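User: I am new to this structure and would like to learn how to read it step by step. Could you take me through the fold, the helix packing and a few individual residues?

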Amino acid sequence: MTAPATPPTATAAPQPPVTVRVFTQRFSSTPRGARLARHLALHQLHSWGVPHGTELSETAAVLVAELAANAVTHGRVPGRDFELRLALAPGTLTVDVSDARGERRPPRPGATGFPDGAAGDTETGRGLVLVAALADRWSVLDRVPVGKTVRAEMDLAVVSARSARPTRTPGAGADGTGGPA
């Protein structure tokens, strides 16, 4: 009696491990809470290897600041906090800011005009314009059991490509020396 033959096994190419880093924190729905959210987001990104002052760090700081300010200003429910969630996955940084006010939603991505009927010359209503300009994608999601989440995503390859472009100093010539081209 012979032992049954074992079928040949296919050896797959080794896959690099997928590491997703996630940071979640609740903050008071106050201007101080929004400011703290921005500072802690920068600190967390730095601990994940995204140094302060890099394009990714600076862009993420603006996104967190705008979304947190909107949550505090437009999504505030007395006695309820807002939540910041950062997720750094291979190729993408996701910034989620959730608040408890689900009935008051920002305009959908791509909608024209300013939120809440604000005119183009007012001092408010530009936060989502910045979010749309800086993020590769953004959306508004329902939050269970109550509220909403505004999500902004940045493709890291796109940020890296923008960072790699040579920059010209203001007033510099085409050769970057400061003289005329």
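Analyst: Let us begin with the overall inventory, bearing in mind that this is a predicted model. The protein chain contains 4 helices and 5 strands, and along the sequence these elements follow the pattern β-α-α-β-β-α-β-β-α.

User: What percentage of the 181 residues in the protein chain is buried?

Analyst: Burial is judged by relative accessible area, with values under 20% counted as buried. In this protein chain, 33% of the 181 residues are buried. Another view of the whole chain comes from its contacts: among those with a separation of 6 or more, 64% are made by residues 24 or more positions apart.

User: At what angle do helix α1 and α2 pack, and how far apart are their axes?

Analyst: For a pair of helices one looks at the angle between their directions, where over 145 degrees counts as roughly antiparallel. Helix α1, which spans residues 31–47, packs against α2 at an angle of about 155°, and their axes are 9 Å apart. That angle is why α1 is described as roughly antiparallel to α2, and the crossing of α1 past α2 is right-handed.

User: Which residues in α1 and α2 meet?

Analyst: From α1 come P31, A34, A37, R38, A41, L42 and L45, while α2 contributes S57, A60, A61, V64, A65, A68, A69 and V72. By residue class, this contact of α1 with α2 has 13 nonpolar, 1 polar and 1 charged.

User: Within that contact, is A68 buried or exposed?

Analyst: A68 belongs to helix α2, which covers residues 55–74, and A68 counts as buried because its relative accessibility is 0%. Leaving out residues up to four places away in sequence, A68 touches A34, A37, F82 and V97. The C-alpha atoms of A68 and R38 are separated by 8.0 Å, although these residues are 30 residues apart along the chain.

User: How do the axes of α2 and helix α3 cross?

Analyst: The same reading applies to this second pair: the axes of α2 and helix α3 (residues 127–134) come within 9 Å and cross at roughly 150°, and α2 and α3 are therefore roughly antiparallel to each other. Here α2 passes α3 in a left-handed crossing. The residues that meet are T59, V62, L63, E66, L67 and N70 in α2, and G127, L128, L130, V131 and L134 in α3. They divide into 7 nonpolar, 3 polar and 1 charged.

User: Turning to single residues in a strand, is D96 buried or exposed?

Analyst: D96, which lies in strand β3 (residues 92–99), is buried, because its relative accessible area is 5%. For a side chain of this kind it helps to look for polar partners, and the side chain of D96 makes a polar contact of 2.8 Å with the side chain of R151. Apart from neighbours within four places in sequence, D96 is in contact with E83, L84, R85, T149, V150 and R151.

User: Which side chain is joined to that of D99 by a polar contact?

Analyst: D99 is also in strand β3 and counts as buried because its relative accessibility is 5%. The side chains of D99 and K148 are joined by a polar contact of 2.8 Å, and the side chain of D99 also reaches the backbone nitrogen of R101 at 2.9 Å. Setting aside neighbours within four places in sequence, the contacts of D99 are A71, G75, R143, V146, G147 and K148.

Terms used. Residues numbered from 1 in each chain as written. Predicted model: local features only at pLDDT ≥ 70, side-chain atom pairs only at ≥ 80, totals over all residues. Heavy atoms only, no water. Helix = DSSP H or I, 4+ residues; strand = E, 2+ residues; numbered from the N terminus. Buried < 20%, exposed > 50% of the residue type's maximum accessible area, 1.4 Å probe, protein only. Polar contact = N/O pair within 3.5 Å; in protein donor to acceptor, adjacent residues only side chain to side chain. Contact = heavy atoms within 4.5 Å. Axes fitted to C-alpha atoms, helices over the stretch in contact; angles between N-to-C directions. Parallel < 35°, antiparallel > 145°, perpendicular 65-115°, else oblique. Left-handed = near helix turned anticlockwise from the far one by under 90°. Nonpolar A, V, L, I, M, F, W, Y, C, P; charged D, E, K, R; others polar.
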